Amino acid sequence: MPSDSLQLCVCEGDDGAASLPLPSAVARLPRDCAHATHVFWQGALGLALGPVGLPYAQATRVDFSDPALLYRLRTSGKRQGLGKAVGLDKTKGPVRVLDATAGLGRDALVLAHLGCEVELLERSPWVHALLDDGFRRARNAKEDSVRNAVSRMRLVHGDARERLRALAGSTAAPDVIYLDPMFPPRRKSAAVKKHIGLLQGVLGFDDDIAELLTLALAAARRRVVVKRPPDRAEIAGPLPSFTLSGKAAHFSVYVNSSFSSTR
Ligand SMILES: C[S@@+](CC[C@H](N)C(=O)[O-])C[C@H]1O[C@@H](n2cnc3c(N)ncnc32)[C@H](O)[C@@H]1O
């Protein structure tokens with residue numbers, strides 16, 4: 001949940017991008033940044049959000065053409081890491097994934113690049129605004145891989161808990177539900193990545209992780225995948241069917257028993 005001390009404002013850059021329309025939630029923010037903790041910038045590189053004092057160029061944007069992300073797309077496969085956790089190594093045909101905790105959309109982009117149809121749900125209006133801006137630019141990206149992946153992604157603003165309740169037992173239920181919530185820290189870590197650090201500063205931590213898992217287990221047709229820090233215990237509730245640990249991420253996978261052949 002967002003910290004009580006969060007104070008947002010918006011600055012429109014004077015580099016020609018100021019005339020671009022701002023997402024409505026951002027457009028309503030004050031222009032007076034005297035007491036702000038975080039600033040939205042509208043500039044030539046797109047919409048960016050950062051703590052007060054950080055230059056626009058270093059603030060966080062959703063950039064699906066970021067070189068590190070393009071490298072991740074080139075090196076991701078269906079038989080490893082996220083692709084394997086979602087079951088792409090065992091499944092033919094398109095897999096429908098609901099990414100219920102979209103964040104900056106990086107994992108969703110990888111899944112769409114691997115051929116999944118991905119619906120992204122994000123409840124924070126601020127993170128949703130960054131994502132929406134990133135989608136707008138990615139539709140005209142010069143990289144075919146980015147344009148193709150984004151064409152398989154659909155962004156929705158809302159709380160996943162409501163959507164999961166509505167999907168349980170329905171014919172629209174996705175094959176896989178992916179959860180990557182913000183876990184409260186166990187101990188202070190200086191090594192938080194820049195973008196995750198921003199999300200933590202703006203959003204705080206997610207306190208509804210166990211509820212999300214319960215709802216996801218009732219709604220997924222084939223499996224639920226939870227990305228969690230390697231040093232954390234499993235989420236309260238049923239034990240995962242199996243876990244996958246890699247250098248970059250740890251996944252707990254809950255296979256729906258009626259689809260156990262997909263494991
Ligand atoms: C750690 S980030 C996800 C990062 C993402 N996997 C990526 O690759 O960029 C978690 C995000 O989930 C969102 N979130 C948490 N609980 C949610 C819920 N119940 N409904 C929708 N979004 C939620 C938070 O607002 C936050 O943006």
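This is a short talk on one sheet, some helix packing and a ligand shell in a predicted model.

Okay, let's start with the sheet. We have 7 strands in an open sheet, and the order is β6-β5-β4-β7-β8-β10-β9, with mixed pairing. So who sits on the edges? Those are β6, residues 153–157, and β9, residues 242–245, and each of them pairs on one side only. From one strand to the next, the twist averages 20 degrees.

Let me stay with β9 for a second. Its partner is β10, residues 250–255; the two run antiparallel, and 4 bridges join them. If you want a spot to click on, F242 stands opposite V253 in β10.

Now hop over to the other edge. Helix α5, residues 125–138, lies across β5 (117–122) and β6. Relative to β6, α5 runs at about 150 degrees.

Next up, the helix pairs. As a reminder, two packed helices are described by the angle between their axes and the distance between the axes. Take α7 and α9, the latter being residues 209–219: they pack at about 25 degrees, with the axes 8 Å apart. Angles under 35 degrees count as roughly parallel, so α7 is roughly parallel to α9. The crossing of these two is left-handed. On the α7 side the contact uses A160, R161, L164, R165 and L167, and they meet E211, L212, L215, A216 and A219 in α9. By class, that contact has 7 nonpolar residues, 3 charged ones and no polar ones.

The other pair is α2, residues 67–75, with α4. Their axes come within 10 Å and cross at roughly 35 degrees. This crossing is right-handed. Here L69, R72 and L73 in α2 meet R106, L109, V110 and H113 in α4. The split for this contact is 4 nonpolar, 1 polar and 2 charged.

Last thing, and probably what you've been waiting for: the ligand. How many residues surround the ligand? There are 23, and the closest are T101, G103, R106, R123 and A160. Which elements give two or more residues to that shell? That would be α4 (106–113), β5, α7 (160–167) and α8 (194–203). In terms of class, the shell has 10 nonpolar, 4 polar and 9 charged residues.

A couple of names come round twice, by the way. R106 is one of the α4 residues that α2 meets, and R106 is also among the closest to the ligand. Likewise, A160 belongs to the contact of α7 with α9, and A160 is on that closest list too.

That's my tour, happy to rotate the view for anyone.

Notes:
Residues are numbered from 1 along each chain as its sequence is written. This is a predicted model: local features need pLDDT of at least 70, side-chain atom pairs count only at pLDDT 80 or more; totals for chains, interfaces and linings use all residues. Two strands pair if DSSP finds at least two bridges between them. Axes are lines fitted to C-alpha atoms, for helices over the stretch in contact, and angles run from 0 to 180 degrees between N-to-C directions. Two residues are in contact if their C-beta atoms, placed from the backbone, lie within 7 Å. A residue is near a molecule or strand if its C-beta atom, placed from the backbone, lies within 6 Å of it. Ala, Val, Leu, Ile, Met, Phe, Trp, Tyr, Cys and Pro count as nonpolar, Asp, Glu, Lys and Arg as charged, and the others, Gly among them, as polar. Angles under 35 degrees count as roughly parallel, over 145 as roughly antiparallel, 65 to 115 as roughly perpendicular and the rest as oblique. A crossing is left-handed if the near helix is turned anticlockwise from the far one by less than a right angle, and right-handed if clockwise.
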